[in-house]
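Thank you all for coming. Today I would like to walk through the aromatic rings of one structure, and I will go slowly for anyone who is new to it.

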Amino acid sequence: MHLYEERLTVPRTWWLLAALTGVALGLVLLPFGLLVAAVALAGGAAAVSLLGHAYGSARIVVTPGALVIGGRRIPLGVLGATEILDEREAFAWRTWKANPYAMLLIRGYVHTALRIELKNAYEGAPYVYVSTRQPMNLAVVLAFARG
């Protein structure tokens, strides 16, 4: 049972960039023939689309016993205080304030985030930084799940 689930999909403009990459590749290879150009167009667009899909498949899931970010499972018992980060603070925490030992799920196209302290530096990490489009909802669900 999931108390909260969010997928950090890429913006729609990235799909346009995938199509434009295919068109550019097709135009570059047009001197080698129309068939080669068509294959390059389709293959280039498909390859960039697959990369975008893979990058945007990161999930944030809260279950009754754990917080799952990306593929990492963190027990709710080790989570401490949460801090909702607006666009300015989120930028600061993913750049110059960032700790190299922290657990990070960063997506640059998601401008807000949640920073969660970890008790006893769980797995050597002082905190978790999670890019999320709904930091308030995630913080409330975490508080509810921890009781």
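Let me begin with Trp93 and Tyr127, both of which are buried, where buried stands for under 20% relative accessible area, exposed for over 50% and partly exposed for anything in between, with a 1.4 Å probe and protein chains only. I should say early that this is a predicted model, in which local features need pLDDT of at least 70 and side-chain atom pairs count only at pLDDT 80 or more, while totals for chains, interfaces and linings use all residues. Residues are numbered from 1 along each chain as its sequence is written, and side-chain values use heavy atoms, with hydrogens and water left out.

Over the ring of Trp93 sits the charged end of Arg115, 4.0 Å from the ring centre; the criterion is NZ of Lys or CZ of Arg within 6 Å of the centre and within 35 degrees of the ring normal.

Turning to the whole structure, a search finds four aromatic pairs, a pair being rings of Phe, Tyr or Trp (its six-membered ring) with centres within 6.5 Å, called stacked with planes under 30 degrees apart, edge-to-face over 60 and tilted for the rest. One of them joins Tyr55 and Tyr109, whose ring centres are 6.0 Å apart with planes at 65°, so this pair is edge-to-face.

Tyr55 is partly exposed, at 36% relative accessible area, whereas Tyr109 is buried, at 14%. These two tyrosines form one aromatic cluster with Trp14, and the charged end of Arg107 sits over the ring of Tyr55, 4.1 Å from its centre.
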